[in-house]
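Biologist: I've got a few "how do you know that?" questions before I trust the labels on this one. Can we go through them together?

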Amino acid sequence: DKIKDRVIKLYRAQYKDFGPTLASEKLLERDRIEISDETLRRWLLESGDWKKARKHRGHRQWRQRKEHAGEMIQMDGSHHDWFEGRGPYSVLMGYIDDATGRAFGRFYGYEGIVPAMDSFKRYIKKYGLPMSVYLDKHTTYKSTAKPTIQDELNDVKPLSEFERALKELGVEVVHANSPQAKGRIERLFGTLQDRLVKEMRLRGIRTFEEGNHFLEEYLPLYNRRFSLSSVGRDNLHRPLAQGMDLDKILCIKTERTLRNDFTVAHNHKLY
């Protein structure tokens, strides 16, 4: 009874909205109290600090995982109050390997071309080039421009800067038609919005720099616990070709016409 009373008091003081599973992990890690999540759940239900919640889930067609690591990664940005008001509202640019569930991510101030390219460059440096990337139809990832007559004659579709960069890298781009289609990255965000937010709360993290530094520590632990072994043994991530400069590919490129005086105009400046 003494242990139960202490646990309930600690839960109310430090872990108020934690689920029983995460709370039991933190009680062991931070308070040296070993208690199973089922026992904690029962105690919290009895004390009124936790309520059973049934989640209604619609029927979705299940898509089998890819067989090999690096065969496909899902990528998206999660807009959320990750720092719970302690710091700026931010976006987590997240990645998950379709075969293994291995996660990668980094915080930015917005979801756009620069965060997408910067985070993808960091992913490549850590794991290598994937075979394909599964994305939604956000304007960062899919061009909304209408094809010109020349494009139609050459059977060319307008590309966003991100699509163009991935094409230069030899990475296939696949666009999802709905959020449900890329369910693995959406479920990852759901888990991180629960677990990661609370972990950062316990540490008092309040800036992008602190958050990104913590992700480097947290995600390897997360992956060791939650990632899976792929069906195929081969890892299809590819190393960069010798001499390939990522900064010359993962950048914004614009076409300009050379003037008669051998200058180029860009953003109201002459070069």
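Biologist: Which helix does Glu186 lie in?

Modeller: Keep in mind that this is a predicted model. Glu186 sits in helix α7, which covers residues 183-203.

Biologist: Why is Glu186 called partly exposed?

Modeller: Its relative accessibility is 32%. Buried would need under 20% and exposed over 50%, so Glu186 lands in between and counts as partly exposed.

Biologist: OK, on to the rings. How many aromatic pairs are there?

Modeller: The count is 15, taking ring centres within 6.5 Å as a pair.

Biologist: What makes Tyr141 and Phe162 an edge-to-face pair?

Modeller: Their ring centres are 5.8 Å apart, and the planes meet at 70 degrees. Edge-to-face asks for over 60 degrees, so the pair fits that label. The two residues are 21 apart along the chain: Tyr141 is in the loop between β4 and α5, and Phe162 is in helix α6. Both are buried.

Biologist: And why is the Tyr222 and Phe226 pair called tilted?

Modeller: The angle between the planes is 45 degrees, with 4.7 Å from centre to centre. Stacked needs under 30 degrees and edge-to-face over 60, so 45 degrees is left as tilted. Both residues lie in helix α8, four residues apart, which is about one turn.

Biologist: Is Tyr222 buried or exposed?

Modeller: Buried, because 9% relative accessibility is under the 20% cut-off.

Biologist: What about Phe226, and why is it called partly exposed?

Modeller: Phe226 has a relative accessible area of 36%, which lies between 20% and 50%, so it is partly exposed.

Methods
Residues are numbered from 1 along each chain as its sequence is written. This is a predicted model: local features need pLDDT of at least 70, side-chain atom pairs count only at pLDDT 80 or more; totals for chains, interfaces and linings use all residues. Side-chain values use heavy atoms; hydrogens and water are left out. Buried means under 20% relative accessible area, exposed over 50%, partly exposed in between (1.4 Å probe, protein chains only). Rings of Phe, Tyr and Trp (its six-membered ring) pair if their centres lie within 6.5 Å; planes under 30 degrees apart count as stacked, over 60 as edge-to-face and the rest as tilted.
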